[in-house]
Amino acid sequence: MFKLAYVSVATRTLSSVDLQNILETAITSNRDADITGILLFNGTNFMQVLEGPQEEVEKIFAKICDDDRHRNVVVIYREKTGAREFEEAPMLLQIVPASHGVAPDGMTITKDIALFLPSTLARHFRTILESFDTKGG
Ligand SMILES: Cc1cc2nc3c(=O)[nH]c(=O)nc-3n(C[C@H](O)[C@H](O)[C@H](O)COP(=O)(O)O)c2cc1C
């Protein structure tokens with residue numbers, strides 16, 4: 001099992017429809033590639049975790065890097081891990097609070113992202129995900 005996480009910046013204001021489109025593509029192709037994970041969006045930045053066979057994760061990540069809906073993709077975690085931890089979905093989208101900017105229209109903001117993180121997650125990695133925000137940005 002292999003885990004990769006990155007942060008990036010949306011290139012424009014994304015609507016809930018834009019996000020649904022991203023999610024639909026992600027769910028379909030991740031399911032085929034045996035990839036699971038979580039996508040966090042705060043209206044400006046993405047943070048995404050991809051988990052699965054390394055080759056598949058790298059392949060999909062290369063496509064994600066080429067996507068012009070976001071830029072400045074920075075890898076924050078890249079590690080071989082034991083068992084799969086993000087088992088809930090091929091990709092789970094959660095909108096998190098931002099200290100600036102607004103959530104896309106009609107999308108519910110998740111106040112406590114910890115509820116959606118696997119309990120087995122390494123502490124340092126969990127902290128990164130839980131603190132995803134753009135304070136003072
Ligand atoms: C923030 C963000 C996250 C994405 N996450 C995934 C993902 O988890 N899996 C995926 O297949 N595509 C994801 N995409 C879409 C890919 O960038 C790309 O559009 C998709 O893989 C289709 O590529 P293709 O038409 O060349 O096969 C994401 C795009 C963005 C902007």
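This dialogue reads the sheet, one helix and the ligand shell of a predicted model.

Q: In what order do the strands of the open sheet lie?
A: Sheet order is read across the strands, not along the chain. Here the open sheet of 5 strands runs β4-β1-β3-β2-β5, and its pairing is mixed.

Q: Why is one side of β4 and of β5 left without a neighbour in the sheet?
A: β4 (70-80) and β5 (92-95) stand at the edges with a single partner strand each, so one side of each has no neighbour in the sheet. From one strand to the next, the twist averages 15 degrees.

Q: In what sense do β1 and β4 pair, and over how many bridges?
A: Strand β1, residues 2-10, pairs with β4 in the antiparallel sense, over 8 bridges. To place this on residues, take V7: V74 in β4 stands opposite.

Q: Which strands does helix α2 lie across?
A: Helix α2 (residues 54-66) lies across β1, β3 (45-52) and β4. The helix runs at about 155 degrees to β3.

Q: Which residues come nearest to the ligand?
A: There are 16 residues around the ligand, and A26, S29, K63, D67 and R69 come nearest. Two or more residues of this shell come from each of α1 (16-33), β3 and α2.

Q: Which element gives the most to the shell around the ligand?
A: That is α1, with 5 residues.

Q: How many residues of each class does the shell around the ligand have?
A: The shell has 8 nonpolar, 5 polar and 3 charged residues.

Conventions: Residues numbered from 1 in each chain as written. Predicted model: local features only at pLDDT ≥ 70, side-chain atom pairs only at ≥ 80, totals over all residues. Pairing = 2+ DSSP bridges. Helix = DSSP H or I, 4+ residues; strand = E, 2+ residues; numbered from the N terminus. Axes fitted to C-alpha atoms, helices over the stretch in contact; angles between N-to-C directions. Contact = placed C-beta atoms within 7 Å. Near = placed C-beta within 6 Å. Nonpolar A, V, L, I, M, F, W, Y, C, P; charged D, E, K, R; others polar.
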